[in-house]
Amino acid sequence: MAQEIKNVVLIGAAGNLGSHTLQALLSSPFNVSVLSHPDSKSTFPPNVTVHRTEYTTEKLVPIFKGQDAIVSTIGTFQIGLQKTIIDAAIQAGIKRFIPSEYGCDTNSSRVLEIAPILKGKADIAAYLKEKTSSGLTWTAIITGPFFDMKGSVKGFLGLDINTHTATVWDHGNERFATSTLPQIARAIVGVLSHPAETSNKYIYISSFDVTHNELVATAEKITGAKWKREDVKSEEKIKIGLDGLAKGNFSVVGLLLRAATFTKEGTGNLEAKYGLSNELLGLPKENLEEVLAASFKAEKV
């Protein structure tokens, strides 16, 4: 049986998701502190304990002692550093580790084929599975793309408010999951509040389960204008992306992440494949039109 969680350490609290997670944790019953690099210039609320330290096992173990859970929202290029953090967590007796996932379904072998850059996240989940005999439990939260991160509506979802142009994958009928940053932060709090039900597993959540055609229809309703569609085929984009990656062109990573989400193969349809834990975690229903309109306002030039 999973033990009660009270004291939580948050890593990556200054980032896009981390800042929302910090606010959600501060609004919860948990006692939260922040782990930060010693040379970081990030600032945090005065009521938050900040541990500024090097990320080595020797330095981390004393900080982690007396803590119950670690939430990682660490950046993509530091994913591998989590192994050191996990080792320190085990030595300190941490009960729960939530790795930095929050995006494409890294539990899917097909997703990893389409977007090999995600294998680093899958490796961390595999490492956590290897360590379960130590007493450390884990939860990986899969959310689909961040809906409301700055630039995401145009850059990832393909809706350009300034030109009224939509990039539509595979005719736009495939459903996929996508989540807002506040919803993901609430999901993290929900996992910590339900340790037994979320122990040692992947958890799937979303704000919206939507198709590109539905997004275009909502955009047209918001703007009162007809949008131009640019249709693309996922198989062609996957080939372009993988060919580019093989040549060392990392600018195609975003293309492959979009392909892994939008392809007609259904790899982004988390609800159909796994079912969602929104109800278990107490997540509210969000209004697509309201959230999209707010995102358009932020991205309009």
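Let's start with P29, which is exposed in this predicted model. Its relative accessible area is 78%, and a residue counts as exposed when that value is over 50%, so P29 earns the label.

Where along the chain should you look for P29? Go to the loop between helix 1, residues 16-26, and strand 2, residues 31-36. While you're there, find I5 too. P29 and I5 are 24 residues apart along the chain, and their C-alpha atoms are separated by 9.9 Å.

Okay, let's zoom out to the protein chain as a whole. How many helices and strands does the protein chain have? There are 13 helices and twelve strands.

Next, the overall dimensions. The C-alpha trace spans about 60 × 40 × 40 Å along its principal axes. The radius of gyration is 20 Å, and a compact globule with 301 residues would have one near 19 Å, so the two agree.

What about the inside? Of the 301 residues, 52% are buried. And here's one I like: take the contacts between residues at least 6 apart in sequence, and 78% of them join residues at least 24 apart.

Now the outside. The protein chain exposes about 13600 Å², and carbon and sulfur atoms supply 50% of that area.

Last topic, charges. The protein chain has 32 positive and 31 negative charges. How far apart are the mean positions of the two groups? The answer is 3 Å.

So, back to where we began: have a look at P29 in its loop, and then turn the model around and explore the rest. Thanks, everyone!

Notes:
Residues numbered from 1 in each chain as written. Predicted model: local features only at pLDDT ≥ 70, side-chain atom pairs only at ≥ 80, totals over all residues. Heavy atoms only, no water. Helix = DSSP H or I, 4+ residues; strand = E, 2+ residues; numbered from the N terminus. Rg over C-alpha atoms; globule rule 2.2 N^0.38 Å. Buried < 20%, exposed > 50% of the residue type's maximum accessible area, 1.4 Å probe, protein only. Contact = heavy atoms within 4.5 Å. Areas by Shrake-Rupley, 256 points an atom, 1.4 Å probe, with all protein chains shown as cover. Lys, Arg positive; Asp, Glu negative; His and termini not counted. Charge placed at Lys NZ, Arg CZ, Asp CG, Glu CD.
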